[in-house]
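Reader: I've got a chain loaded in the viewer and some time to poke at it. Mind if I fire a few questions at you?

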Amino acid sequence: MSGVMSQPGPKPIPVPASEVYVIAVEYVDAGRFDAADRLLRHILAVSPHYADALHLSGLIAFRRGRWQDAADFMEQGGRAAPMKGVHLRNLAEVYRQLGRLDEAALAAQRGSAMDPADPLGPFNLAMVEYDRLQLDACLMAVRKALALNPALPEAQMKLAQALLVTGALRQGWEPYEWRYKIPGAAPLMPPTERLQWNGAPINGRLLLIADQGYGDVIMFGRLVVWAQARCTALTIACSPEIMGIAAQLAPGAEIATRWEDCTQYDAFCPFSGLPRLAGTGLEQLAGTSPYLRADPVRVAFWAARLEAGLPAATRRIALSWAGRPTHNNDRNRSLALSQLAPLAQCPGMSFVSLQKGPASAQCKAWPGPAPLLDLDAEIASFEDSAAILQSVDLLISVDTSVVHLAGALGRPAWVLLPYAPDWRWLLERTDSPWYPSLRLFRQPKPGDWGSVIATVAASL
């Protein structure tokens with residue numbers, strides 16, 4: 001959702017004397033990065049101080065996720081010739097990804113001043129100011145971007161996030177509706193001529209779509225019962241992995257895991273659109289948790305499994321340290337298991353890994369001496385995870401779906417949050433109005449997981 005990525009292609013002014021450079025720009029516009037890279041290498045072999053070619057090479061590196069290479073190319077271009085406004089705002093986004101936030105803010109400010117008609121300049125500044133938790137500055141910048149281009153979806157979403165994180169939920173839900181208009185965003189559903197639900201009671205079937213990540217489905221799922229009371233029939237469209245949760249949220253509703261089974265409905269709505277329709281503010285969240293329960297049969301099974309796999313008379317702590325790698329903020333929210341080493345030294349503890357996916361392989365390097373039971377191969381569903389959460393004393397986790405599951409079950413969980421958190425965790429507070437059973441541990445400065453983990457270990 002960055003300014004670098006939000007427009008179809010780079011903005012450097014083509015140099016008429018270099019037809020090769022012009023072709024490279026066209027290749028970047030078309031997403032043909034390998035071909036563009038070959039041309040740029042040819043240009044730079046002949047003219048190593050060609051500023052626009054250096055910047056374009058940096059832009060390609062950025063789009064490939066090679067942020068340090070991107071910074072190196074762009075800085076080299078800046079030394080070869082004075083940077084244009086577009087170059088500076090692109091560099092600001094590269095610096096932001098690298099965590100060089102003060103430099104990013106300065107570059108974005110300079111770029112915006114040089115090119116005041118470009119809405120992506122103040123938008124990129126808003127992105128940086130959010131990460132710095134300078135929310136007033138973020139709101140000022142994003143509103144400037146929207147004054148230049150009210151239809152810039154990324155800016156509308158950043159406005160939503162900046163409002164929501166400050167607790168202004170009702171003001172934030174409206175710009176949050178722009179999330180599916182962001183270029184590259186996966187569509188909500190196949191094309192349809194049916195209308196999106198406006199929240200009014202309907203005499204017909206409502207299709208609710210369990211959209212976004214699993215954590216979002218669980219969090220927004222508390223409002224499904226509100227929606228179900230406003231229609232005569234309900235279908236929930238969801239992925240197979242979350243269908244057991246969906247069935248709990250709406251007893252009696254049809255559950256569909258294929259679009260071809262969702263042909264009969266009168267209106268549709270994503271789960272993430274329900275808070276706006278319900279007028280959800282912080283005060284409405286009181287008393288809405290817990291709203292999920294673990295299956296007693298599974299609880300009995302997993303209680304026995306933990307009893308057999310862990311030492312007796314120890315406090316059982318579940319762990320999850322990494323979110324989905326494709327999440328656009330995963331670099332800030334996920335950890336390596338090795339960073340949790342201080343927890344392994346806590347006496348009287350035993351640990352249970354709820355980590356799924358490639359990161360679970362890190363269990364082999366658990367530093368001990370407290371034991372760690374790796375359940376990755378045995379956990380088949382969210383229902384299994386719910387039963388395990390019911391069978392342990394505490395969950396310690398980064399911001400990922402298992403936190404939402406614990407909160408919706410009313411189970412105790414300690415959540416490790418980056419300095420600039422996702423909007424739903426609000427600012428400064430150690431509790432969550434979404435989930436009263438959670439305790440929040442926040443980085444005191446960007447990237448400082450050491451302080452967070454030391455506080456958690458001391459709290460244990």
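**Walking through the fold**

Author: Sure, and let's start with contacts: among those in the protein chain between residues at least 6 apart in sequence, 65% join residues at least 24 apart. Keep in mind that this is a predicted model.

Reader: What radius of gyration does the protein chain have, next to the one for a compact globule with 460 residues?

Author: The C-alpha trace spans about 75 × 60 × 40 Å along its principal axes. For 460 residues, a compact globule would come out near 23 Å. The chain agrees with that, as its radius of gyration is 24 Å.

Reader: And what share of the 460 residues is buried?

Author: Start from the outside: the accessible surface comes to about 19,500 Å², and 54% of it belongs to carbon and sulfur atoms. As for residues, a buried one has under 20% relative accessible area. Of the 460 residues, the buried share is 54%.

Reader: On to the elements, then. In what order do the strands of the open sheet of five run?

Author: The chain holds 20 helices and eleven strands. Five of the strands make an open sheet with parallel pairing, and its edges are S1 (195-196) and S4 (254-256), each pairing on one side only. Reading across the sheet, the order is S1-S5-S2-S3-S4.

Reader: Which residue in S3 is the bridge partner of leucine 206?

Author: S2 (residues 202-209) and S3 (residues 231-237) pair in the parallel sense, over six bridges. For leucine 206, the bridge partner in S3 is leucine 234.

Reader: Now helix H8. How far apart are its end C-alpha atoms, and what should its 14 residues span?

Author: H8 covers residues 135-148, and at 1.5 Å a residue these should span 20 Å. The end C-alpha atoms agree with that, being apart by 20 Å.

Reader: Within what arc do the buried residues of H8 fall, and which helices do they pack against?

Author: The buried set is Leu135, Cys138, Leu139, Ala141, Val142, Ala145 and Leu146. Seen down the axis, these residues fall within an arc of 170 degrees, so they line one face of the helix. Asp136, Met140 and Ala147 are exposed on the other side. The buried residues pack against H7 (120-131) and H9 (153-165).

Reader: What covers the buried residues of helix H6?

Author: H6 (residues 101-114) has its buried residues at Leu101, Ala104, Ala105, Ala107, Ala108, Gly111 and Ser112. They fall within an arc of 165 degrees down the axis, so they line one face, while the face turned away carries the exposed Asp102 and Ala113. The cover over the buried residues includes H5 (85-97), H7 and H8.

Reader: Is leucine 40 buried or exposed, and how far is it from tyrosine 21 in space?

Author: Leucine 40 sits in helix H2 (residues 33-46) and counts as buried, because its relative accessibility is 0%. Among the residues that leucine 40 touches are Tyr21, Leu56 and Ile60. Tyrosine 21 is 19 residues apart from leucine 40 in sequence, yet C-alpha to C-alpha the two are apart by 7.0 Å.

Reader: Last one: which residues does threonine 400 touch, leaving out those up to four places away in sequence?

Author: Threonine 400 is in the loop between strand S9 (394-398) and helix H19 (401-409). Its relative accessibility is 12%, so threonine 400 counts as buried. Leaving out residues up to four places away in sequence, threonine 400 touches Ser320, Ala322, Gly323 and Arg333.

Technical notes
Residues are numbered from 1 along each chain as its sequence is written. This is a predicted model: local features need pLDDT of at least 70, side-chain atom pairs count only at pLDDT 80 or more; totals for chains, interfaces and linings use all residues. Side-chain values use heavy atoms; hydrogens and water are left out. Helices (H or I, at least four residues) and strands (E, at least two) are DSSP runs, numbered from the N terminus. The expected span of a helix is 1.5 Å times one less than its number of residues. Buried means under 20% relative accessible area, exposed over 50%, partly exposed in between (1.4 Å probe, protein chains only). The arc is that of the directions from the helix axis to the C-beta atoms. Contact means heavy atoms within 4.5 Å. Two strands pair if DSSP finds at least two bridges between them. The radius of gyration is taken over C-alpha atoms; the globule rule is 2.2 Å times the number of residues to the power 0.38. Accessible areas come from the Shrake-Rupley method with a 1.4 Å probe; for residues, only the protein chains shown count as cover.
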